[in-house]
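Thank you all for coming; I would like to walk you through one model this morning, beginning with its enclosed space and then turning to a pocket and a hairpin. Please have the sequence and the structure open while I speak.

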Amino acid sequence: MDTYAVPVDHEHVQIRPGRRTGLPIMIAVHSTILGPAIGGLRIKHYENMSDGLADVLRLSQAMTLKAAAIDNGTGGGKAVVPLPTDLVLTSALKEAILLDVADFVHSLDGTYYAAPDVGTGPADIDIIHRRTPYVGGYSKEAGGAGGTTFGTFVGVDQAIRSAIKIVFGRDTVSGLSIVIIGLGGIGTLLAEIFAKEGAELSVTDINPERKDLADKLGARWMSPEETLVSQCDIFVPCALGGILNKESVGDIKARLICGAANNQLASDDIAAELTRRGIVYVPDFIANTGGLMYATAVELRHYSEAAAAEHTKSSIDRNVRELLERAEKLGMTTNAAAIEIAENRLRAAALR
(Lines give C-alpha, C1' and ligand atoms only; values in the text may rest on other atoms or scores of the structure.)
Protein backbone atom coordinates (compact mmCIF):
# COMPACT_ATOMS: atom_id res chain seq x y z
CA MET A 1 0.00 0.00 0.00
CA ASP A 2 1.16 3.54 -0.74
CA THR A 3 1.89 5.88 2.17
CA TYR A 4 -1.25 7.83 3.03
CA ALA A 5 -2.05 10.23 5.85
CA VAL A 6 -3.76 8.14 8.54
CA PRO A 7 -5.98 9.88 11.13
CA VAL A 8 -5.92 8.80 14.78
CA ASP A 9 -8.62 11.05 16.31
CA HIS A 10 -11.24 8.33 16.67
CA GLU A 11 -13.70 7.85 19.51
CA HIS A 12 -13.25 4.09 19.47
CA VAL A 13 -11.03 1.63 17.62
CA GLN A 14 -11.08 -2.05 18.39
CA ILE A 15 -9.58 -5.16 16.81
CA ARG A 16 -10.60 -8.58 17.97
CA PRO A 17 -10.52 -12.09 16.53
CA GLY A 18 -13.76 -13.63 15.37
CA ARG A 19 -15.00 -16.40 17.66
CA ARG A 20 -15.64 -18.73 14.70
CA THR A 21 -12.81 -17.84 12.31
CA GLY A 22 -10.05 -16.33 14.41
CA LEU A 23 -9.68 -13.66 11.73
CA PRO A 24 -9.13 -10.09 12.94
CA ILE A 25 -12.18 -7.83 12.77
CA MET A 26 -11.39 -4.13 12.83
CA ILE A 27 -14.09 -1.60 13.72
CA ALA A 28 -13.32 2.11 13.92
CA VAL A 29 -15.89 4.59 15.19
CA HIS A 30 -14.58 7.98 14.22
CA SER A 31 -17.41 10.18 15.50
CA THR A 32 -20.95 9.90 16.84
CA ILE A 33 -21.41 13.57 17.67
CA LEU A 34 -24.01 14.03 14.90
CA GLY A 35 -25.57 10.58 15.23
CA PRO A 36 -24.75 6.86 15.14
CA ALA A 37 -21.66 5.94 13.13
CA ILE A 38 -22.53 4.40 9.77
CA GLY A 39 -20.01 2.86 7.40
CA GLY A 40 -19.37 -0.13 5.20
CA LEU A 41 -17.98 -3.56 6.02
CA ARG A 42 -14.96 -4.31 3.84
CA ILE A 43 -13.81 -7.94 3.48
CA LYS A 44 -10.69 -7.90 1.34
CA HIS A 45 -7.29 -9.51 0.88
CA TYR A 46 -4.40 -7.37 2.12
CA GLU A 47 -0.67 -7.93 1.83
CA ASN A 48 -0.25 -6.63 5.38
CA MET A 49 -2.71 -6.39 8.26
CA SER A 50 -1.47 -2.83 8.85
CA ASP A 51 -2.89 -1.89 5.44
CA GLY A 52 -6.30 -3.02 6.66
CA LEU A 53 -5.88 -0.90 9.79
CA ALA A 54 -4.96 2.14 7.69
CA ASP A 55 -8.09 1.58 5.61
CA VAL A 56 -10.44 1.32 8.59
CA LEU A 57 -9.01 4.51 10.12
CA ARG A 58 -9.08 6.54 6.91
CA LEU A 59 -12.45 5.35 5.70
CA SER A 60 -14.19 5.88 9.04
CA GLN A 61 -12.95 9.47 9.15
CA ALA A 62 -14.15 9.95 5.58
CA MET A 63 -17.61 8.75 6.64
CA THR A 64 -17.70 11.36 9.42
CA LEU A 65 -16.81 14.12 6.98
CA LYS A 66 -19.27 12.76 4.43
CA ALA A 67 -22.16 12.66 6.87
CA ALA A 68 -21.36 16.08 8.33
CA ALA A 69 -20.80 17.73 4.96
CA ILE A 70 -24.25 16.65 3.78
CA ASP A 71 -25.89 17.19 7.19
CA ASN A 72 -27.17 13.60 7.23
CA GLY A 73 -27.67 13.28 10.98
CA THR A 74 -25.23 10.38 11.25
CA GLY A 75 -21.59 9.86 12.20
CA GLY A 76 -18.69 7.95 10.70
CA GLY A 77 -17.48 4.42 11.19
CA LYS A 78 -16.03 1.49 9.24
CA ALA A 79 -15.36 -2.22 9.60
CA VAL A 80 -12.58 -4.14 7.87
CA VAL A 81 -11.80 -7.84 7.90
CA PRO A 82 -8.31 -8.10 6.35
CA LEU A 83 -7.75 -11.48 4.73
CA PRO A 84 -4.29 -12.99 4.20
CA THR A 85 -3.40 -13.02 0.51
CA ASP A 86 -3.19 -16.82 0.44
CA LEU A 87 -6.58 -17.40 2.10
CA VAL A 88 -9.33 -18.82 -0.11
CA LEU A 89 -12.63 -17.20 0.81
CA THR A 90 -15.19 -19.98 0.55
CA SER A 91 -18.90 -19.37 1.02
CA ALA A 92 -18.80 -21.21 4.35
CA LEU A 93 -15.90 -19.11 5.59
CA LYS A 94 -17.57 -15.89 4.49
CA GLU A 95 -20.76 -16.73 6.36
CA ALA A 96 -18.70 -17.44 9.47
CA ILE A 97 -16.96 -14.08 9.08
CA LEU A 98 -20.32 -12.33 8.75
CA LEU A 99 -21.59 -14.00 11.93
CA ASP A 100 -18.43 -12.94 13.74
CA VAL A 101 -18.94 -9.38 12.51
CA ALA A 102 -22.59 -9.49 13.62
CA ASP A 103 -21.54 -10.42 17.16
CA PHE A 104 -19.02 -7.59 17.25
CA VAL A 105 -21.41 -4.99 15.82
CA HIS A 106 -24.18 -5.98 18.21
CA SER A 107 -21.84 -5.67 21.19
CA LEU A 108 -21.39 -1.97 20.34
CA ASP A 109 -25.11 -1.44 21.05
CA GLY A 110 -25.97 0.87 18.16
CA THR A 111 -22.81 2.97 18.19
CA TYR A 112 -21.91 1.58 14.75
CA TYR A 113 -24.16 0.44 11.88
CA ALA A 114 -22.57 -1.88 9.29
CA ALA A 115 -23.37 -1.45 5.59
CA PRO A 116 -22.10 -2.94 2.30
CA ASP A 117 -18.64 -2.10 0.98
CA VAL A 118 -15.87 -3.85 -0.94
CA GLY A 119 -16.41 -7.59 -0.65
CA THR A 120 -19.93 -7.36 0.78
CA GLY A 121 -23.42 -6.74 -0.56
CA PRO A 122 -27.04 -6.60 0.61
CA ALA A 123 -27.28 -10.40 0.94
CA ASP A 124 -24.30 -10.37 3.30
CA ILE A 125 -25.81 -7.58 5.37
CA ASP A 126 -29.02 -9.63 5.53
CA ILE A 127 -27.05 -12.36 7.32
CA ILE A 128 -25.74 -9.84 9.84
CA HIS A 129 -29.23 -8.35 10.17
CA ARG A 130 -30.59 -11.66 11.43
CA ARG A 131 -28.47 -11.23 14.55
CA THR A 132 -28.45 -7.46 15.05
CA PRO A 133 -30.60 -4.50 14.00
CA TYR A 134 -27.54 -2.28 13.66
CA VAL A 135 -27.09 -2.50 9.90
CA GLY A 136 -27.87 -0.46 6.78
CA GLY A 137 -28.01 -1.24 3.07
CA TYR A 138 -29.75 -4.58 3.50
CA SER A 139 -31.92 -6.11 0.79
CA LYS A 140 -35.30 -4.82 -0.36
CA GLU A 141 -36.76 -8.24 0.47
CA ALA A 142 -35.72 -7.65 4.08
CA GLY A 143 -37.21 -4.15 4.05
CA GLY A 144 -34.03 -2.25 3.26
CA ALA A 145 -32.74 0.01 0.50
CA GLY A 146 -31.15 -2.86 -1.41
CA GLY A 147 -27.54 -1.86 -0.86
CA THR A 148 -25.81 1.41 -1.60
CA THR A 149 -25.02 1.08 -5.32
CA PHE A 150 -28.17 2.74 -6.65
CA GLY A 151 -28.09 5.64 -4.20
CA THR A 152 -24.40 6.22 -4.79
CA PHE A 153 -24.96 6.21 -8.56
CA VAL A 154 -27.82 8.72 -8.23
CA GLY A 155 -25.58 10.95 -6.13
CA VAL A 156 -22.46 10.80 -8.31
CA ASP A 157 -24.49 11.34 -11.46
CA GLN A 158 -26.10 14.41 -9.89
CA ALA A 159 -22.77 15.71 -8.59
CA ILE A 160 -21.27 15.52 -12.09
CA ARG A 161 -24.29 17.24 -13.64
CA SER A 162 -24.31 19.98 -11.00
CA ALA A 163 -20.58 20.57 -11.48
CA ILE A 164 -20.72 20.75 -15.29
CA LYS A 165 -23.31 23.52 -15.04
CA ILE A 166 -20.73 25.58 -13.15
CA VAL A 167 -17.54 24.42 -14.90
CA PHE A 168 -18.79 24.13 -18.48
CA GLY A 169 -21.96 26.22 -18.35
CA ARG A 170 -24.10 23.47 -19.82
CA ASP A 171 -26.89 21.10 -18.79
CA THR A 172 -25.83 17.94 -20.62
CA VAL A 173 -22.88 15.58 -20.91
CA SER A 174 -23.46 15.28 -24.65
CA GLY A 175 -20.25 16.00 -26.53
CA LEU A 176 -18.08 16.08 -23.41
CA SER A 177 -15.15 13.68 -23.22
CA ILE A 178 -15.42 11.52 -20.09
CA VAL A 179 -12.94 8.99 -18.72
CA ILE A 180 -14.25 6.44 -16.22
CA ILE A 181 -11.83 4.33 -14.18
CA GLY A 182 -13.51 1.30 -12.68
CA LEU A 183 -16.52 -0.50 -14.16
CA GLY A 184 -18.06 -1.93 -11.03
CA GLY A 185 -21.71 -1.35 -10.25
CA ILE A 186 -21.53 2.45 -10.11
CA GLY A 187 -19.02 2.93 -12.92
CA THR A 188 -21.12 0.73 -15.18
CA LEU A 189 -24.32 2.67 -14.49
CA LEU A 190 -22.55 5.95 -15.17
CA ALA A 191 -20.98 4.62 -18.37
CA GLU A 192 -24.34 3.41 -19.64
CA ILE A 193 -26.18 6.66 -19.04
CA PHE A 194 -23.36 8.86 -20.35
CA ALA A 195 -23.01 6.78 -23.51
CA LYS A 196 -26.76 6.96 -24.06
CA GLU A 197 -26.63 10.76 -23.78
CA GLY A 198 -23.85 11.12 -26.32
CA ALA A 199 -20.70 11.63 -24.26
CA GLU A 200 -17.34 10.81 -25.82
CA LEU A 201 -16.60 7.96 -23.46
CA SER A 202 -13.36 6.19 -22.53
CA VAL A 203 -13.30 3.48 -19.87
CA THR A 204 -11.01 1.08 -18.07
CA ASP A 205 -11.06 -1.61 -15.41
CA ILE A 206 -8.52 -3.99 -13.93
CA ASN A 207 -10.74 -6.83 -15.18
CA PRO A 208 -10.09 -7.13 -18.94
CA GLU A 209 -13.44 -8.87 -19.40
CA ARG A 210 -15.11 -5.50 -18.84
CA LYS A 211 -13.93 -4.55 -22.33
CA ASP A 212 -17.11 -6.24 -23.53
CA LEU A 213 -19.08 -3.43 -21.91
CA ALA A 214 -16.92 -0.84 -23.62
CA ASP A 215 -17.58 -2.47 -26.97
CA LYS A 216 -21.30 -2.63 -26.26
CA LEU A 217 -21.43 1.07 -25.40
CA GLY A 218 -19.17 2.19 -28.23
CA ALA A 219 -16.66 3.47 -25.68
CA ARG A 220 -12.91 3.54 -26.10
CA TRP A 221 -11.17 0.91 -23.98
CA MET A 222 -7.92 2.04 -22.36
CA SER A 223 -5.40 0.62 -19.94
CA PRO A 224 -5.49 2.13 -16.44
CA GLU A 225 -2.16 3.82 -17.16
CA GLU A 226 -3.48 5.41 -20.34
CA THR A 227 -6.49 6.92 -18.59
CA LEU A 228 -4.26 8.87 -16.21
CA VAL A 229 -2.60 10.75 -19.06
CA SER A 230 -5.60 11.03 -21.37
CA GLN A 231 -6.92 14.46 -22.33
CA CYS A 232 -10.57 14.73 -21.25
CA ASP A 233 -13.20 17.08 -19.92
CA ILE A 234 -14.27 14.94 -16.96
CA PHE A 235 -12.22 12.35 -15.08
CA VAL A 236 -14.42 9.92 -13.09
CA PRO A 237 -12.56 7.68 -10.57
CA CYS A 238 -14.78 4.76 -9.57
CA ALA A 239 -12.19 2.21 -8.44
CA LEU A 240 -10.34 2.00 -5.11
CA GLY A 241 -8.77 5.00 -3.41
CA GLY A 242 -5.48 6.87 -3.62
CA ILE A 243 -5.58 7.42 -7.37
CA LEU A 244 -4.77 11.12 -7.00
CA ASN A 245 -1.24 11.09 -5.65
CA LYS A 246 2.11 12.81 -6.19
CA GLU A 247 2.94 10.50 -9.08
CA SER A 248 -0.35 10.81 -10.97
CA VAL A 249 -1.56 14.34 -10.30
CA GLY A 250 0.79 15.97 -12.78
CA ASP A 251 -0.35 13.67 -15.60
CA ILE A 252 -4.11 14.16 -15.33
CA LYS A 253 -5.47 16.41 -18.08
CA ALA A 254 -9.08 17.12 -17.15
CA ARG A 255 -11.11 20.17 -16.25
CA LEU A 256 -13.29 18.35 -13.73
CA ILE A 257 -12.70 15.36 -11.44
CA CYS A 258 -15.77 13.81 -9.84
CA GLY A 259 -16.28 10.13 -9.08
CA ALA A 260 -17.46 7.42 -6.73
CA ALA A 261 -14.15 6.13 -5.34
CA ASN A 262 -13.41 6.71 -1.66
CA ASN A 263 -10.24 8.49 -0.49
CA GLN A 264 -9.23 9.65 -3.94
CA LEU A 265 -6.56 12.00 -2.55
CA ALA A 266 -3.49 10.24 -1.20
CA SER A 267 -3.00 13.37 0.93
CA ASP A 268 -4.77 16.70 1.28
CA ASP A 269 -1.95 18.67 -0.39
CA ILE A 270 -2.85 17.04 -3.72
CA ALA A 271 -5.97 19.23 -3.77
CA ALA A 272 -3.78 22.35 -3.90
CA GLU A 273 -1.94 21.02 -6.94
CA LEU A 274 -5.23 20.31 -8.69
CA THR A 275 -6.38 23.86 -7.97
CA ARG A 276 -3.06 25.28 -9.19
CA ARG A 277 -3.53 23.42 -12.46
CA GLY A 278 -7.08 24.72 -12.89
CA ILE A 279 -8.74 21.34 -12.31
CA VAL A 280 -12.04 21.48 -10.42
CA TYR A 281 -12.23 18.61 -7.94
CA VAL A 282 -15.47 17.55 -6.27
CA PRO A 283 -14.28 15.72 -3.12
CA ASP A 284 -15.31 12.09 -2.88
CA PHE A 285 -17.13 12.58 0.40
CA ILE A 286 -19.44 15.05 -1.34
CA ALA A 287 -19.83 13.23 -4.67
CA ASN A 288 -20.33 9.67 -3.45
CA THR A 289 -22.54 10.39 -0.48
CA GLY A 290 -25.75 9.37 -2.25
CA GLY A 291 -25.55 5.77 -1.05
CA LEU A 292 -25.54 6.90 2.57
CA MET A 293 -28.20 9.54 2.00
CA TYR A 294 -30.54 7.26 0.04
CA ALA A 295 -30.24 4.29 2.42
CA THR A 296 -30.69 6.49 5.49
CA ALA A 297 -33.81 8.04 3.96
CA VAL A 298 -35.34 4.62 3.19
CA GLU A 299 -34.27 2.62 6.23
CA LEU A 300 -34.12 5.13 9.09
CA ARG A 301 -36.57 7.80 7.94
CA HIS A 302 -38.93 5.52 5.99
CA TYR A 303 -39.10 7.58 2.75
CA SER A 304 -40.47 5.92 -0.35
CA GLU A 305 -37.84 4.93 -2.93
CA ALA A 306 -38.90 7.76 -5.24
CA ALA A 307 -38.84 10.32 -2.43
CA ALA A 308 -35.44 9.07 -1.25
CA ALA A 309 -34.00 9.41 -4.79
CA GLU A 310 -35.40 12.93 -5.16
CA HIS A 311 -34.09 13.89 -1.72
CA THR A 312 -30.66 12.56 -2.69
CA LYS A 313 -30.56 14.48 -5.97
CA SER A 314 -31.68 17.79 -4.52
CA SER A 315 -29.31 17.53 -1.55
CA ILE A 316 -26.31 16.63 -3.69
CA ASP A 317 -27.08 19.48 -6.09
CA ARG A 318 -27.26 21.95 -3.21
CA ASN A 319 -24.07 20.61 -1.61
CA VAL A 320 -22.02 20.73 -4.82
CA ARG A 321 -23.14 24.25 -5.64
CA GLU A 322 -22.43 25.47 -2.10
CA LEU A 323 -19.03 23.79 -2.15
CA LEU A 324 -17.82 25.20 -5.47
CA GLU A 325 -19.12 28.67 -4.73
CA ARG A 326 -17.52 28.69 -1.28
CA ALA A 327 -14.16 27.52 -2.60
CA GLU A 328 -14.10 30.21 -5.30
CA LYS A 329 -15.29 32.97 -2.98
CA LEU A 330 -12.77 32.21 -0.24
CA GLY A 331 -9.90 31.27 -2.54
CA MET A 332 -9.46 27.80 -1.09
CA THR A 333 -9.36 24.31 -2.48
CA THR A 334 -12.64 22.48 -2.85
CA ASN A 335 -11.32 19.81 -0.50
CA ALA A 336 -10.56 22.39 2.19
CA ALA A 337 -13.95 24.04 1.64
CA ALA A 338 -15.77 20.70 2.02
CA ILE A 339 -13.82 19.85 5.17
CA GLU A 340 -14.55 23.31 6.58
CA ILE A 341 -18.29 22.87 5.98
CA ALA A 342 -18.19 19.49 7.72
CA GLU A 343 -16.04 20.69 10.63
CA ASN A 344 -18.26 23.73 11.20
CA ARG A 345 -21.22 21.39 11.63
CA LEU A 346 -19.25 19.11 13.94
CA ARG A 347 -18.10 22.06 16.07
CA ALA A 348 -21.62 23.44 16.28
CA ALA A 349 -22.88 20.04 17.44
CA ALA A 350 -20.16 19.82 20.10
CA LEU A 351 -21.39 23.07 21.66
CA ARG A 352 -24.96 21.88 22.08
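How many cavities of 30 Å³ or more does the count come to? In this predicted model, the count comes to one cavity of that kind, and the volume of this largest cavity is about 30 Å³. Its lining is made up of A271, L274, T275, I279, Y281, T333 and T334, and helix α8, which covers residues 269–276, gives the most to that lining, with three residues. If we sort the lining of the largest cavity by class, we find four nonpolar and three polar residues, and no charged ones.

Let me turn from the cavity to the second largest pocket, which holds about 540 Å³ of space. There are 26 residues in the lining of this pocket, and those closest to its centre are P7, Q61, A62, L65 and I339. The elements that each give two or more residues to the lining are β2, α1 (49–69), α9 (284–287) and α12 (334–350), and the largest share, five residues, comes from α1. By class, the lining of the second largest pocket divides into twelve nonpolar, eight polar and six charged residues, so that charged side chains are present here, whereas the lining of the largest cavity has none.

Where does this pocket lie with respect to the two domains? Domain 1, which comprises 12–63 + 75–144, and domain 2, which comprises 149–287 + 320–341, both give residues to the lining, and the second largest pocket therefore lies between them.

Since β2 has already come up as one of the elements of that lining, I would like to finish with the hairpin to which β2 belongs. Strand β1, residues 12–17, pairs with strand β2, residues 24–31, in the antiparallel sense, over six bridges, and within this pairing R16 stands opposite I25 in β2. Six residues lie between the two strands of the hairpin, and G22, in the turn, has a positive phi of about 75 degrees.

The loop between β1 and β2 also contains T21. Is T21 buried, exposed or partly exposed? Its relative accessibility is 23%, and T21 therefore counts as partly exposed. Leaving aside residues up to four places away in sequence, T21 touches L93, A96, I97 and D100. The C-alpha atom of T21 is also separated by 9.4 Å from that of K94, although these two residues are 73 residues apart along the chain.

Note on methods: Residues numbered from 1 in each chain as written. Predicted model: local features only at pLDDT ≥ 70, side-chain atom pairs only at ≥ 80, totals over all residues. Heavy atoms only, no water. Pairing = 2+ DSSP bridges. Helix = DSSP H or I, 4+ residues; strand = E, 2+ residues; numbered from the N terminus. 1 Å grid on protein atoms, 1.4 Å probe; cavity = no way out; pocket = protein on both sides within 12 Å on 5 of 7 lines; lining within 4 Å. Points joined across faces, edges and corners; volume = space filled by probe spheres on them. Nonpolar A, V, L, I, M, F, W, Y, C, P; charged D, E, K, R; others polar. Domains from an automatic or database assignment. Buried < 20%, exposed > 50% of the residue type's maximum accessible area, 1.4 Å probe, protein only. Contact = heavy atoms within 4.5 Å.
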